[in-house]
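Student: Could we go through this model together? I'd like to see how the labels follow from the numbers.

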Amino acid sequence: MQLFKRLTIVLLFTSHLFCLNNALAQKSEDSRMDWWREAKFGLFVHWGLYAVPAGEYNGKTNYGEWIMQEASIPVQEYEKFAPQFNPTQFDADAWVKLAREAGMKYLVITSKHHDGFCLWPSAFGKYNIEKSTPFKRDILAELAVACKKYGVVFCLYHSIMDWHHPQQNKAEMGLYTENYLKPQLRELIEKYDPGVLWFDGEWIEEWDQKMGDELYAWLRKIKPNLIINNRVSKGRNGMQGMNKNNAAGDFGTPEQEILEELPNADWETCMTMNNHWGYNKTDNDWKSTHQLIWNLVDVVSKGGNYLLNIGPDATGIIPPASVTRLKQIGQWTKTHEEAIYGIEPWRSFNDGENIRYAQNKAGEVLIYAKHWPGKKLIIRKLKPNKGAAIRMIGQSYNLSWKQGTDGIEINMPENFKAKENEVVVFATKGEFQPISKSPQIGNAAESATGFKVITGPAKVVISTSSKNALIRYTLNGSNPNSHSPVYKQPIPANTNTNIKAVAYEPGKMPSEISTLKLVKGKYALNLLTKPAAQYTALGPVTLVDGEMGNNENFRKGWMGFEGKDVEAIIDLGAARSISKVSLSFLQNHGQWIFLPIACEVLVSDNGTTFKPMATKKKAAADKMENDGREVWDIALNTKARYIKMIVASQLRCPAWHPGDGGKAWLFMDEITVK
Ligand code: FHN
């Protein structure tokens, strides 16, 4: 008996150790994750001293929670915000009720952001709500109580990076971790019992994977069922958020973007409603409720969670635009609960850009349409079982359907009037259908980016590798169908054209829709490097359309490339004399955007063999450099038809940057040729 008992203890301990080192590599069977996987939708709250300046400092108004760093505010200056932080309008019950009614089942609030200020009466240090502000109340305790009342799981964001603590430096990071970081984490767990610890700021050079993995194991010993994100250690692949190695963490953390594929791992996209995490009083660039609901659908169809952010102001008020959106989202989730909770990915998550699939525990396939489909909805990857009812979620309709030449046609109810921009959902039992291979429009580079810049008459080739496939296309952006023209020869074009094409292979469903946008620019530019999905602007034409990007809201008019060099070729159409080429770049240290370190320019007459002409170099980024646009003029004084530019990115954030080692962004805008 004794031996058996000892053996059991050893086995239990071993299995316990194993799960303590849970890496993100694949979805663990760990039941600890069940509530989180079921929850799907959470509220992120960025709140702290940065709400006092509300994004403004020295006349600039584009700051957020990074204001101390981006506006280079000395610690003693920034500490003066503490006695001004007195959020007397704060009402934890109202906040949590609003979140729950939006359909959110957990809440993650910044216990301590990078500025080091603590939103709870910590026994460690004085830089906290009780000892440094007139407010003194325990914000976290009030929220934890409200969360319990409404059945919302209380969770905490905690920054490893700390701009306030004097021991956060290479030499004393061990002391900072043992004497401050861990005692505060233990305090937070014991006082507030968070369901998730959401780490951030792990990119600093003072933190490494060994420290992160050890912290993960240490925390799991204190609270075995605690869930911890992958920013506790150093496995994250930049803003894409998933682990690229075996570093600890229970879920990946894509930020401001949604995975484009189905990963075999737990993940959660965090996103702002406007462009700032922390309160910014001038930022009214709000995503629509429709887009936010579609983001939620897009995420859950790929098995992820959606953590949507609010940035309350310094009085404790949630911006009205955020409240409106949360209430409108709640109106939708209330009638679509079965389409969000308790679902799993189906074998394919999409059918084009405006249809998503998922499946529920009853074995029905859910079909999500971004917009009201009109008389009928056409789907391709799912064929309902014979006689199977097609339900409309939240309504009491059973819809008829038939096999059409463009896919399965589901007939919408005659007398149902969907609201403008309403996501509609259907459910039925059925089987996956193999579909034809999508055609390629333009050359490989163009079909990868989805754009082609033209300066005049052009001919566009549509091709497919699948034999006896029929290609049908449209030129006005509408979806091709079985009545659209058949592709027979290259398509002539001489102006902005939105080409869409579908392939029809015998015995298969029509292919997914391929698109290529032809945009008329000053120069025929072939961008050989794919930009980040969320910084594509108008496509390559953005670089040659004469429109300057907006330095404040750099999502407008810039192309962003994360952690890679950029290559582009301009075709002048004929050999021309060229005095110089000018390229403009953006620098914004706070957003990890850096100038290039070099730009090499080559020329050619035939577009294949290029002769190096000039290179402009620049030392690696310097923290004292100003943010904003910089134009690089590179003299050529030559005659040629083609100009190739190879732009060498900073690639990684420099050692002095908080993002040290993290991927650096390169933002490009206008390229002009003189
Ligand atoms: O630097 C932080 C930022 O302030 C914000 O907290 C986001 C939200 O996850 N995380 C970091 C940027 O990646």
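Student: Why are α5 and α7 called oblique to each other?
Tutor: In this predicted model, helix α5 (residues 92-101) and helix α7 (residues 139-150) pack at about 40°, with their axes 8 Å apart. Angles under 35 degrees count as roughly parallel, over 145 as roughly antiparallel, 65 to 115 as roughly perpendicular and the rest as oblique. The angle of about 40° fits none of the named ranges, so α5 and α7 are oblique.

Student: What makes α8 roughly parallel to α9?
Tutor: Helix α8 (residues 173-192) and helix α9 (residues 209-222) pack at about 30°, with axes 11 Å apart. That angle makes α8 roughly parallel to α9.

Student: Which hand does the crossing of α8 and α9 have?
Tutor: The α8 and α9 crossing is right-handed, meaning the near helix is turned clockwise from the far one by less than a right angle.

Student: Now the ligand. What makes His46 a polar contact of the ligand?
Tutor: A polar contact is a pair of N or O atoms within 3.5 Å. A side-chain N or O atom of His46 is 2.7 Å from a ligand oxygen, so that pair counts. For Trp66, the distance to a ligand oxygen is 2.8 Å.

Student: How much of the ligand does the protein cover?
Tutor: The protein covers 97% of the 330 Å² accessible area the ligand has on its own (Shrake-Rupley method, 1.4 Å probe).

Student: Any ground rules?
Tutor: Residues are numbered from 1 along each chain, as its sequence is written, and side-chain values use heavy atoms, without hydrogens or water. Local features need pLDDT of at least 70 and side-chain atom pairs 80 or more, while totals for chains, interfaces and linings use all residues.

Key. Polar contact = N/O pair within 3.5 Å; in protein donor to acceptor, adjacent residues only side chain to side chain. Axes fitted to C-alpha atoms, helices over the stretch in contact; angles between N-to-C directions. Helix = DSSP H or I, 4+ residues; strand = E, 2+ residues; numbered from the N terminus.
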